[in-house]
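Biologist: I'm new to this one, so could you walk me through it slowly? Let's begin with whatever I need to know before we talk about the ligands.
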Amino acid sequence: MTSTPDLEARSPWAALHNVSQVTVKRSNRTLKKDIAIPGSKSLTNRALILAAAAKGNSSVEGILKSDDSYWCIEALKRLGAEIQVDGDIAQIKGVGGEWRRSKEALYIGAGGTVARFLPGLVAAARTGESWTIKASKRMSERPVKPLIDALRQIGATINYEGKEGFYPLGITGEGLKGGHVDISGNTSSQFISGLLMASAHAEAPVTVRITEPIVQASYVLITIELMKQFGIEVSHDQELSRFDISPNTYQGNHVHMEPDASGACYFFALAALTQSTIRVNNISYEHSYQPDIRFVDVLKEMGCHVVIGPDYVEVTGPKTLKGNKTFSMRAMSDQALTLAAIAPFADGPITIREVEHIRHHESDRIQAATEILTSLQIKVEEYNDGLKIFPGKPVGTLIRSYDDHRVAMAFSLLGAVVDDISIHDPGCVSKTFPNFFEKLEEIGLTVTRK
Ligand SMILES: O=C(O)C1=C[C@@H](OP(=O)(O)O)[C@@H](O)[C@H](O)C1
Ligand SMILES: C=C(OP(=O)(O)O)C(=O)O
C-alpha cells in the first residue's frame with residue numbers, strides 16, 4: 001500500500017493542511033460528557049446528489065462539510081446544478097435529470113459514495129453529452145466494475161478511460177432503457193445504492209436482483225429512504241434480494257441530515273477506553289438507519305454501560321473491557337478499525353470477522369490494522385476476512401495513517417491511555433471529519449500539532 005497521501009483529494013474544507021503529525025494525550029481534566037457530531041456523510045452525499053438530479057429547488061440542512069461532500073458539490077455544480085452553501089445548509093436548484101455539458105473532466109475526490117452514486121444518474125441523461133469523471137488515486141484503485149456492468153445491463157453508455165474496470169470513466173448521456181439486472185452485493189453496498197438511484201430515471205421499469213447478499217445492507221435502506229424523500233418509491237422484499245423501481249423524476253424537497261453515526265463511534269470508543277461517560281446528542285438509536293449506531297451493542301457486549309435516550313446515546317466504559325469474543329462487523333464495517341484499536345485493552349482476544357470487503361476501502365484496512373497493531377507491539381493474527389487481536393499494553397509510536405481517515409481517527413484514541421501516540425498525516429480525517437481533532441480537544445484530550 002502506498003504511504004504518500006494524495007493531497008489533490010484534500011479540499012478547501014480540509015483541515016490540518018500543513019500539519020505533518022499530531023500527538024494525542026490525556027489531560028488532567030475529566031472528559032466532558034456531551035458532544036455534538038457533524039452531519040452524516042452518507043446522508044449528505046445522497047441528499048446532495050438526489051437534490052441536484054431533481055426537478056425544482058431543495059434545501060439540505062445539517063450537511064457534513066468535508067472533502068467527500070466538497071468534491072460532490074463541485075462535480076454537481078459542473079453538471080449544472082446550482083448549489084449555495086451557507087453554514088451547514090445547502091440550497092440546490094436541480095437539473096431535472098438533464099445534466100449540463102462540461103468541457104473539463106469532473107473530479108470527485110476520494111469518496112466511494114460519489115464514485116458509485118453519480119455514474120448511473122449521469123448516464124441516465126438523454127442529451128447525448130459526454131463527460132469524463134476522474135477520482136483520487138485510491139478511488140481509482142477501488143472496484144467499480146460490478147456497478148458499471150450492471151448499469152450497462154440497463155443500457156448505460158459508460159467506458160473506462162484508463163485501466164479496464166476502474167476510474168476514470170467516460171459517460172455519455174444516452175439514457176437508461178430499463179429492464180432486469182443482476183448484481184452481487186458482496187463487494188460494496190454502494191453498487192446497489194448507485195444502481196437504484198439511477199434506475200428511477202430509466203425509460204422503463206427496472207428490476208434489480210441481488211445474487212449474493214449485500215455487505216452493509218442498511219446503507220441501501222438509507223438510499224431507499226432518501227429516494228422517497230425526493231419523491232421516488234422503491235419496492236423490495238424483506239431480504240433485500242429484489243428491488244422494483246418505476247420510471248419517474250426526482251422532485252426537490254427540504255430535508256434534514258442526522259449526525260454522522262460513524263463519527264460518533266470514536267467518542268463511544270473513547271468512553272470505553274477511559275472508563276468515562278460520553279453522550280452523543282441528536283442521534284436516535286431506535287430511528288437511525290445508519291448501521292454504525294449499532295456499534296454500541298458491541299461495546300455493551302464488551303462490558304460498557306449504554307443508555308439509549310430519545311435523542312441521544314450515552315456510553316460509560318467499564319473498569320476492564322471484556323474479551324474472548326468474536327464479532328461479525330460485516331453490517332457496520334466502518335467500525336472494524338475502531339474495534340481493532342480498542343481490542344488490546346480487553347481481558348481476552350477480540351476476533352473481527354466477515355469484513356473482507358474493507359480491504360477495498362480507503363486502505364486495505366485489515367492489512368493496515370495488522371501493521372499498526374504490530375508496530376504498537378500487540379500480537380495479531382490476520383485472516384482474509386478479519387483479524388484476531390490479543391490483549392497487551394500498546395507501546396507508543398508514530399502511527400502511519402495510510403491516507404485513511406478511519407485509521408487516523410480510530411488509532412488516535414489510544415493517546416488517551418497510552419503515552420507517545422502520534423498520528424502521521426492527520427489531515428486525512430478531512431475526508432469525513434475535518435474538525436475531529438478539535439472535537440477530541442473539546443472533550444478533554446490534549447492534541448499537539450507539528
Ligand atoms: O453508502 C454509503 O454511504 C456507505 C456504504 C458503505 O460502503 P460499502 O458498502 O462499499 O462497504 C460504507 O462503508 C461507507 O462508509 C458509506
Ligand atoms: C468506506 C468509507 O467510505 P467511502 O466508501 O464512502 O469512500 C468510509 O467512510 O469508511
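Modeller: A word on terms before the ligands: a residue counts as near a molecule if its C-beta atom, placed from the backbone, lies within 6 Å of that molecule. Please also keep in mind that this is a predicted model.

Biologist: Okay, so how many residues surround ligand 1, and which are the closest?
Modeller: Ligand 1 is surrounded by 13 residues, and the closest of them are S42, S188, S189, Q190 and Y219. Sorted by class, this shell holds ten polar residues, two nonpolar ones and one charged one.

Biologist: Which helices supply residues to that shell?
Modeller: Helices α3, covering 112–123, and α5, covering 189–199, each supply at least two residues of the shell around ligand 1. The largest share comes from α5, which gives three residues.

Biologist: And where does ligand 1 lie with respect to the domains?
Modeller: Ligand 1 lies between domain 1 (7–39 + 259–449) and domain 2 (41–256), because both of them give residues to its shell.

Biologist: Now ligand 2: what surrounds that one?
Modeller: The residues around ligand 2 are G111, G112, T113, D334, H361, R406 and T432. By class, five of these are polar and two are charged, with no nonpolar residue in the shell.

Biologist: Which domains does the shell around ligand 2 draw on?
Modeller: Domain 1 and domain 2 each contribute at least three residues to the shell around ligand 2.

Biologist: Changing topic, how many helices and strands are in the chain?
Modeller: The chain has twelve helices and 24 strands. One group of strands worth finding is an open sheet of four, in the order β18-β19-β21-β20, with mixed pairing.

Biologist: Which strands are at the edges of it?
Modeller: The edge strands are β18, residues 325–328, and β20, residues 380–383, each of which pairs on one side only. From one strand to the next, the twist averages 10°.

Biologist: How does β18 run against β19?
Modeller: Strands β18 and β19 (residues 350–353) run parallel and are joined by four bridges. If you would like a place to look, K325 stands opposite I350 in β19.

Biologist: Last thing, what about the chain overall, in terms of its radius of gyration?
Modeller: The radius of gyration of the chain is 21 Å, which agrees with a compact globule, because a globule of 450 residues would have a value near 22 Å. The C-alpha atoms fill a box of roughly 60 × 45 × 40 Å along the principal axes, and 54% of the 450 residues count as buried.

Terms used
Residues are numbered from 1 along each chain as its sequence is written. Chains are lettered from A and ligands numbered from 1 in the order in which they are written. This is a predicted model: local features need pLDDT of at least 70, side-chain atom pairs count only at pLDDT 80 or more; totals for chains, interfaces and linings use all residues. Two strands pair if DSSP finds at least two bridges between them. Axes are lines fitted to C-alpha atoms, for helices over the stretch in contact, and angles run from 0 to 180 degrees between N-to-C directions. Ala, Val, Leu, Ile, Met, Phe, Trp, Tyr, Cys and Pro count as nonpolar, Asp, Glu, Lys and Arg as charged, and the others, Gly among them, as polar. Domain bounds come from an automatic or database domain assignment. The radius of gyration is taken over C-alpha atoms; the globule rule is 2.2 Å times the number of residues to the power 0.38. A residue is buried if 20 or more other C-beta atoms lie within 10 Å of its own, exposed if 12 or fewer, and partly exposed in between; C-beta atoms are placed from the backbone.
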